[in-house]
Amino acid sequence: GSSSNTKEKEYGQSEPMFHVSDIPGKGKGVLAARDIKQGELVLQEYPLFTVPLHIQSSPSALIAERLQKLSSVQKEAFFNLSYVHFPENLDPKEHVDRLALAIFETNAVSAGKDTVGIFPTMARLNHGCSSAFNVVYSWRNEHEGLFVHALKDIKKGQELLTTYTDTKRPREERRKLIPEDRAYLTQQYGFKCTCDVCALPDGLSQASDRRLSKISELYRKFATWGNMDIDGIQAINYVREIWEIEDEEGYWSERGQLAADAAWVAASHSDASAAQAWALKAAEWFTYEIGADTPQVRSLITVGDRPQSHNAWGTREKLEVGGPKY
Ligand SMILES: C[S@@+](CC[C@H](N)C(=O)[O-])C[C@H]1O[C@@H](n2cnc3c(N)ncnc32)[C@H](O)[C@@H]1O
């Protein structure tokens, strides 16, 4: 049968890194039990069960089938989780399959391409937008597990927040968002986000909205390098500009991928020193977000050593595109 295992206890730390507590207005949440450093592995967890993202049959029948295979301890962990969107007129005890679906919809996250799963500890992480989220999760195929890393330094007592969706959008749009990895779920989460960014007074909120919209726009412009609409120098300038606005906003997520894309551009244009510098920048940020012991970081360190080994090396005209500013 399927197994589930939360590894945080096995690291032999004298102090636990976090604990699950009641958080006013949010149900339960996760608080730092000690200071946590940027890049630390906060949690490694395996799914209670997974289901395909796109299914023909009824999701609640499939979930019921998966639940049958769990031990009673695992079932209890599942039914302890929170849920929204359960019809008010129904008694959850009499509609267990419907209840299980509501729990699933509120808590499932991506477990690889086209799969979603339930991770009972990770499921206690509440959502924060933009600069408010401080941990990120990533699925590792080779481990078949979910890894949660600290994106920022976190102080003891602070809430650990992840992001349920792409938050590089203005506040009003964020409030309408549906999580990307739950295609068959049409309803929204059922909470009005009150994270530090959503709670900003209007003037500051508008300034944050402008930065987030600008970041998204620059990402779209950067992508046009792929169709040769812009040259490599322009492309790298967009990356630098994104980086700078993200510093102002405090939005640090996805920088590993962004710097890796910049390394790709630099390698394509045979700019060795830029490719090297971007690759090392990418390795650094991927280390925070997904960990050093990943294929992404290993291959970027190789590019840092030998930029000419990059797959895209010399595929565009020779051009000095420039490295990162900082
Ligand atoms: C995956 S669960 C997170 C853990 C949950 N708070 C619990 O008690 O188990 C998702 C639910 O948590 C609540 N939640 C998450 N982030 C929130 C936020 N920023 N503000 C208010 N409620 C939030 C919502 O009720 C949401 O449907």
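# Helix α9, core, strands and ligand shell

Visitor: Which residues of helix α9 (residues 295-305) are buried?
Guide: This is a predicted model, in which local features need pLDDT of at least 70, side-chain atom pairs count only at pLDDT 80 or more, and totals for chains, interfaces and linings use all residues. Residues are numbered from 1 along each chain as its sequence is written. Helices (H or I, at least four residues) and strands (E, at least two) are DSSP runs numbered from the N terminus, and a residue is buried if 20 or more other C-beta atoms lie within 10 Å of its own, exposed if 12 or fewer and partly exposed in between, with C-beta atoms placed from the backbone. In α9 the buried residues are V297, L300 and V303.

Visitor: Why do the buried residues of α9 line one face, and within what arc?
Guide: An α-helix has 3.6 residues a turn, so residues three or four places apart point the same way. The arc is taken over the directions from the helix axis to the C-beta atoms. Seen down the axis of α9, its buried residues line one face because they fall within an arc of 120 degrees.

Visitor: Which helices do the buried residues of α9 pack against?
Guide: The face turned away from the buried side of α9 carries the exposed residues P295, R298 and D305. Contact requires C-beta atoms, placed from the backbone, within 7 Å. The buried residues of α9 pack against α7 (255-268) and α8 (272-290).

Visitor: Which helix gives the largest share of the largest nonpolar core?
Guide: A nonpolar core is a set of buried Ala, Val, Leu, Ile, Met, Phe, Trp, Tyr and Cys residues joined through C-beta atoms within 7 Å. The largest has 81 residues, of which V135, A263, W278 and A282 touch the most other members. Not counting residues up to four places away in sequence, A282 touches G256, A259, A260, A263 and L300. The largest share of the core, 11 residues, comes from α8.

Visitor: Which strands stand at the edges of the open sheet of β4, β6 and β5?
Guide: Strands pair if DSSP finds at least two bridges between them. The order is β4-β6-β5, with antiparallel pairing, and β4 pairs with β6 (residues 115-118) over 4 bridges. Two strands have a single partner each, so one side of each is left without a neighbour in the sheet: β4 (49-52) and β5 (109-110).

Visitor: Which strand supplies the largest share of the shell around the ligand?
Guide: The ligand is surrounded by 21 residues, the closest being G27, K28, S82, N126 and F191; a residue is near if its C-beta atom, placed from the backbone, lies within 6 Å. At least two shell residues come from each of β2 (27-32), α3 (96-107) and β7 (126-127). The largest share, 3 residues, comes from β2.

Methods
Two residues are in contact if their C-beta atoms, placed from the backbone, lie within 7 Å.
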